[in-house]
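Here's a quick briefing to read alongside the coordinates. Have a look at the model first, then work through the points below.

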Amino acid sequence: MEGVSVRKIKKICVFCGANSGKDVAFVNATFHLGEVLGKRKIDLVYGGGKLGLMGCVSTAVAQHERKVLGIIPSAFTVNNLVGETCGKEIKVATMQERLVMMMELSDAFIALPGGFGTLEELFQMISWAQLNIHNKPIGVLNINGFFNGLLSFVDHAVKQEFITPRARKILISATTADELVDKLQAFRFESDPALSKLKWSPSSSQKEKLDLTLRL
């Protein structure tokens, strides 16, 4: 990364499945990501609990003596539905409040294999970056080609002129944890001139009143 400016990343938010998936490579790569974050002295923000890949990454980061913060809707804590969070836990009222807090408390975002919830979180962060609500790097760890289809679809949407080439650059991908973190650190945000004129309130209380569900 010689000659490339490196952004300081202290906390990474990881989106991933509450299941472990069919391929053991998903679990192994998730534990390795936690190890990489630990060695690089990067703390973890995640969705809380100990199920599936969420439990794997939080356990791995904690084992390497880095801070772990789980942000979890109160509904998930009833009857110990998702298990005990590894590290500090913040309970919120809604899924949207959870995602806003994740955005505010993290310096970058990584998506691992997961289902609809993981994809919703990933694309919400991409949409918010496109809208200039934040300028933080976002990447997917493409374990065993899990995201190949999604990346091909995004490229197809670019060809069909629904996603601009500038916006396409928001989504980073890599096949190893070290490569992905390197890319996140080297990322330089390129805002759309028109959308950069949007003014979003820095006040948390006012942010809650915004309709952040807008997607382009």
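Among contacts between residues at least 6 apart in sequence, what percentage join residues at least 24 apart? The answer is 72% for this chain. Keep in mind that you're looking at a predicted model.

**The chain as a whole**

- Going by secondary structure, you get eight helices and seven strands.
- The radius of gyration comes out at 17 Å, close to the 17 Å the globule rule gives for 216 residues, so the chain is as compact as a globular protein of that length.
- If you're setting up a box, the C-alpha trace spans about 45 × 40 × 30 Å along its principal axes.
- Of the 216 residues, 45% are buried.
- Accessible surface adds up to about 11300 Å², and carbon and sulfur atoms account for 54% of that.
- On the charge side, there are 26 positive and 21 negative side chains, with the centres of the two sets 4 Å apart.

**Strand 2: Asp-43 and Leu-44**

- Asp-43 sits in strand 2, which covers residues 43-46, and Leu-44 belongs to strand 2 as well.
- Is Asp-43 buried or exposed? Its relative accessible area is 11%, under the 20% cut-off, so Asp-43 counts as buried.
- Leu-44 is buried too, with a relative accessible area of just 1%.
- The Asp-43 side chain has a polar partner: it reaches the backbone nitrogen of Lys-67 at 3.0 Å.
- Skipping neighbours within four places in sequence, Asp-43 touches Lys-10, Lys-11, Ile-12, Arg-66 and Lys-67.
- Lys-67 turns up again for Leu-44: the two are 23 residues apart in sequence, yet their C-alpha atoms are 6.3 Å apart in space.
- With the same neighbours left aside, Leu-44 is in contact with Ile-12, Val-14, Val-57, Ser-58, Val-61, Lys-67, Val-68 and Leu-69.

**Cys-86 in its loop**

- You'll find Cys-86 in the loop between strand 3 and strand 4, the latter being residues 88-92.
- How accessible is Cys-86, and what does that make it? Relative accessibility is 24%, which lies between the 20% and 50% cut-offs, so Cys-86 is partly exposed.
- Leaving out neighbours within four places in sequence, Cys-86 contacts Tyr-46, Gly-49, Ser-58, Thr-59, Ala-62 and Val-68.
- Tyr-46 is one of those partners, and its C-alpha is 9.9 Å from that of Cys-86, with their positions 40 residues apart along the chain.
- Ser-58 and Val-68 appear on the Cys-86 contact list, and both are also listed for Leu-44.

**Positive phi outside glycine**

- If you're checking backbone torsions, stop at Glu-65: it isn't a glycine, but its phi is positive, about 60°.
- Where is Glu-65? It lies in the loop that runs between helix 2 (52-63) and strand 3 (68-73).
- Glu-65 has a relative accessibility of 71%, over the 50% cut-off, so it counts as exposed.
- Asn-132 is another non-glycine residue with a positive phi, this time about 65°.
- The loop holding Asn-132 connects helix 4 (116-130) and strand 6 (138-141).
- Asn-132 is partly exposed, at a relative accessible area of 25%.

Methods: Residues numbered from 1 in each chain as written. Predicted model: local features only at pLDDT ≥ 70, side-chain atom pairs only at ≥ 80, totals over all residues. Heavy atoms only, no water. Helix = DSSP H or I, 4+ residues; strand = E, 2+ residues; numbered from the N terminus. Rg over C-alpha atoms; globule rule 2.2 N^0.38 Å. Buried < 20%, exposed > 50% of the residue type's maximum accessible area, 1.4 Å probe, protein only. Contact = heavy atoms within 4.5 Å. Areas by Shrake-Rupley, 256 points an atom, 1.4 Å probe, with all protein chains shown as cover. Lys, Arg positive; Asp, Glu negative; His and termini not counted. Charge placed at Lys NZ, Arg CZ, Asp CG, Glu CD. Polar contact = N/O pair within 3.5 Å; in protein donor to acceptor, adjacent residues only side chain to side chain.
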